[in-house]
Amino acid sequence: MARVQVVRNHKWRLEGVVRFEHIKLSSGAWYYRHPVKDGRCWEHGTAHLSRNQRWCNKKPDIADRMLWEHDLLLKAIEIGRPIYWCEGEKDANKAMEIWGVAATAHHNGRGKAFPGQIKVLAGSSGQINLVMDVDPAGVDIVWTHARLLVKAGVKAEQIRFLRPALVDDHADLTDHIKAHKNLNELVEIGHTDMSQLYQRHVRRVKNKNRRSYGSGGDR
């Protein structure tokens with residue numbers, strides 16, 4: 001049996017200090033851990049920790065109030081820079097490295113962002129670009145985030161929907177960059193078209209659920 005190894009370790013910092021790590025294993029699983037002192041975790045108790053342990057393998061509460069590269073993001077918001085909200089830390093890192101843009105991500109993967117994370121962007125006066133992967137989950141994520149942002153006070157005209165200029169299933173922003181495509185080659189999807197894509201996604205999910213549970217019952 002192959003040994004499970006760490007393949008990606010994203011260190012989430014706030015005010016220059018690592019508050020938690022988001023770690024991907026070779027098995028495909030992800031987990032969180034956050035630093036503790038002398039084996040004492042005030043959030044989750046100490047029964048699962050040894051005295052000399054420096055990490056608690058659980059997600060800290062502060063995680064759901066942070067976005068990737070939080071300190072840089074706050075500076076970008078303060079001066080009204082456009083923000084590129086990607087589906088993961090890897091894509092945000094690549095966008096910052098290659099294009100020099102202000103990019104961020106949430107840590108919940110295919111799940112939606114938490115209210116505390118939406119609140120971070122609610123005060124932005126600049127453009128918020130929601131960058132989706134080329135798959136149904138990407139449609140679901142960016143449309144859900146757009147609705148949450150508008151509910152938090154962001155103007156709809158501040159929001160843009162973007163996707164990689166690729167047709168491959170599950171292609172992401174990193175794939176777009178690896179294909180030697182530029183920032184201005186990301187494909188913009190209008191709000192009306194995005195709404196229609198989301199409604200089609202919802203119908204597909206409902207039909208799939210009907211097939212899974214049979215045709216009986218209320219419709």
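**Exercise 1. Work out why Cys56 and Cys41 are not joined by a disulfide in this predicted model.**

Solution. Start with the distance: the sulfur of Cys56 lies 3.8 Å from the closest cysteine sulfur, the one in Cys41, and that is too far for a bond. The cut-off to hold it against is 2.5 Å between the two sulfur atoms. Now widen the search to the whole structure, and you still end up with 0 disulfides. As for the surroundings, Cys56 is buried, at a relative accessible area of 0%. Cys86 is buried too, with 2%.

**Exercise 2. Trace the open sheet of 4 strands and find its edges.**

Solution. Let's take the sheet pair by pair.

- Step one: S2 (residues 17–25) runs antiparallel to S3 (residues 30–35), with 4 bridges between the two strands. Looking at single residues, Glu21 has Arg33 in S3 as its bridge partner, and His22 has Tyr32.
- Step two: check the link. S2 and S3 make a hairpin with 4 residues between them. Gly28 sits in that turn and has a positive phi of about 100 degrees.
- Step three: move on to S4 (residues 55–56), which pairs with S3 over 2 bridges, again in the antiparallel sense. Here Pro35 has Trp55 in S4 as its bridge partner.
- Step four: put the order together. The strands run S1-S2-S3-S4, with antiparallel pairing. That leaves S1 (6–14) and S4 as the edge strands, each pairing on one side only.
- Step five: add the helix. H2 (residues 89–99) packs on this sheet and touches S1 and S2. The direction of H2 makes about 70 degrees with that of S1.

**Exercise 3. Do the same for the open sheet of 5 strands, then place H2 on it.**

Solution. The order this time is S6-S5-S7-S8-S9, and the pairing is mixed. Look to the ends for the edge strands: they are S6 (102–105) and S9 (187–189), each of which pairs on one side only. From one strand to the next, the twist averages 30 degrees.

Next, zoom in on one pair. S5 (residues 83–86) and S6 are parallel and share 4 bridges. Within this pair, Trp85 stands opposite Thr104 in S6.

Finally, bring back the helix. H2 packs on this sheet by touching S5 and S6, and the direction of H2 makes about 175 degrees with that of S6. Recall from the previous exercise that H2 also touches S1 and S2. Put the two results together, and H2 packs on the sheet of 4 strands as well as on the sheet of 5 strands.

Notes: Residues are numbered from 1 along each chain as its sequence is written. This is a predicted model: local features need pLDDT of at least 70, side-chain atom pairs count only at pLDDT 80 or more; totals for chains, interfaces and linings use all residues. Side-chain values use heavy atoms; hydrogens and water are left out. Buried means under 20% relative accessible area, exposed over 50%, partly exposed in between (1.4 Å probe, protein chains only). Two strands pair if DSSP finds at least two bridges between them. Contact means heavy atoms within 4.5 Å. Axes are lines fitted to C-alpha atoms, for helices over the stretch in contact, and angles run from 0 to 180 degrees between N-to-C directions.
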